[in-house]
Amino acid sequence: MKRIFLILPALGIISCKSLPEGSSKDSETPVHTQWKGDYSISHDFGKLDENSEMTLDYGLTITKDSCTFWGLGYKTFFTDVCSITGNEKQIIVKYIKQIEGSPMSNHPPTDTLAVVFRKDRKYYLQSNIVPNKDWQYNTPIRLKKKS
């Protein structure tokens, strides 16, 4: 299996893609091209008290040269550099390193941040670190996508 690495000196390894034996970068549409865009999830849990509301936002940005995964909100603050592997139906988002965050509100260490898949022209994320509105983890959550 060939591995292709794209490197940005300021951040180190940005993207790592595995290709099946016998394939070349030129013979396939790169995974980044197929999945390029900004994906987001926003949970509004309503008012905690008269002065504050509880929200959780997560996002995944995939460009030709990079992949970032972030979370912001209730007990959540992180931005991770990630890599993706997969095909036209599903990708696996892998952790490379944290570039921003708080030790008090980061996610626990994990190799796989999320699985993103398409179904009926809609996008879904399933993750051990992203809860749905009922605080259940590892369940499919619908994503909004901006190209």
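K146 touches G37 and D38, leaving out residues up to four places away in sequence; contact here means heavy atoms within 4.5 Å. K146 sits in strand β10, where strands (E, at least two residues) and helices (H or I, at least four) are DSSP runs numbered from the N terminus. Its C-alpha atom is 6.4 Å from that of Y39, although K146 and Y39 are 107 residues apart along the chain. With a relative accessibility of 57%, K146 counts as exposed. For the accessibility words, buried is under 20% relative accessible area, exposed is over 50%, and partly exposed is in between, with a 1.4 Å probe and protein chains only.

A word on what you're looking at: this is a predicted model, in which local features need pLDDT of at least 70 and side-chain atom pairs count only at pLDDT 80 or more, while totals for chains, interfaces and linings use all residues. Residues are numbered from 1 along each chain as its sequence is written, and side-chain values use heavy atoms, with hydrogens and water left out.

**The overall layout**

The protein has one helix and ten strands. Reading from the N terminus, the order is β-β-α-β-β-β-β-β-β-β-β. Of its 147 residues, 33% are buried. If you take contacts between residues at least 6 apart in sequence, 36% of them join residues at least 24 apart. The protein exposes about 8,900 Å², with 51% of that supplied by carbon and sulfur atoms; accessible areas come from the Shrake-Rupley method with a 1.4 Å probe, and for residues only the protein chains shown count as cover.

**The core**

In soluble globular proteins, nonpolar side chains tend to be buried together. Here, the largest nonpolar core has 24 residues, and L60, F69 and V93 touch the most other members. Such a core is a set of buried Ala, Val, Leu, Ile, Met, Phe, Trp, Tyr and Cys residues joined through side-chain atoms within 4.5 Å. Strand β4 (residues 53-62) gives the largest share of this core, four residues. Not counting neighbours within four places in sequence, L60 has contacts that include G37, D38, Y39, F69, V93 and V116. Two more partners of L60 are the cysteines C67 and C82.

**Two cross-links**

Those cysteines, C67 and C82, form a disulfide with their sulfur atoms 2.3 Å apart, the cut-off for a disulfide being cysteine sulfur atoms within 2.5 Å. C67 lies in strand β5 (residues 67-73) and C82 in strand β6 (residues 76-86), so the disulfide ties together parts 15 residues apart in sequence. The torsion about the S-S bond is about -80°, so this disulfide is left-handed. Both C67 and C82 are buried, and a search of the whole structure finds one disulfide.

The structure also holds one salt bridge. D111 pairs with K94, and their closest N and O atoms are 2.8 Å apart; a salt bridge needs a side-chain nitrogen of Lys or Arg within 4 Å of a carboxyl oxygen of Asp or Glu. K94 is in strand β7 and D111 in the loop between β7 (90-101) and β8 (112-119), so the pair ties together parts 17 residues apart in sequence. D111 is partly exposed at 48% relative accessible area, and K94 is partly exposed at 24%.

Strand β7 also holds I96, which is partly exposed with a relative accessible area of 28%. The C-alpha atoms of I96 and L113 are 9.8 Å apart, with their positions 17 residues apart along the chain.

**Loops and surface**

Most residues other than glycine have a negative phi, and most peptide bonds are trans. Two residues here have a positive phi without being glycine:

| Residue | Phi | Place | Relative accessibility |
|---|---|---|---|
| R121 | near 65° | loop between β8 and β9 | 82%, exposed |
| N138 | about 60° | loop between β9 and β10 | 41%, partly exposed |

W135 is in the loop between β9 (122-126) and β10 (141-146). It counts as partly exposed, at 37% relative accessibility. Together with L48, Y74 and Y137, W135 makes a nonpolar surface patch of about 400 Å². Patches take residues with over 30% relative accessible area and no salt bridge, joining like charges within 9 Å and nonpolar side chains (Val, Leu, Ile, Met, Phe, Trp, Tyr) within 5 Å.
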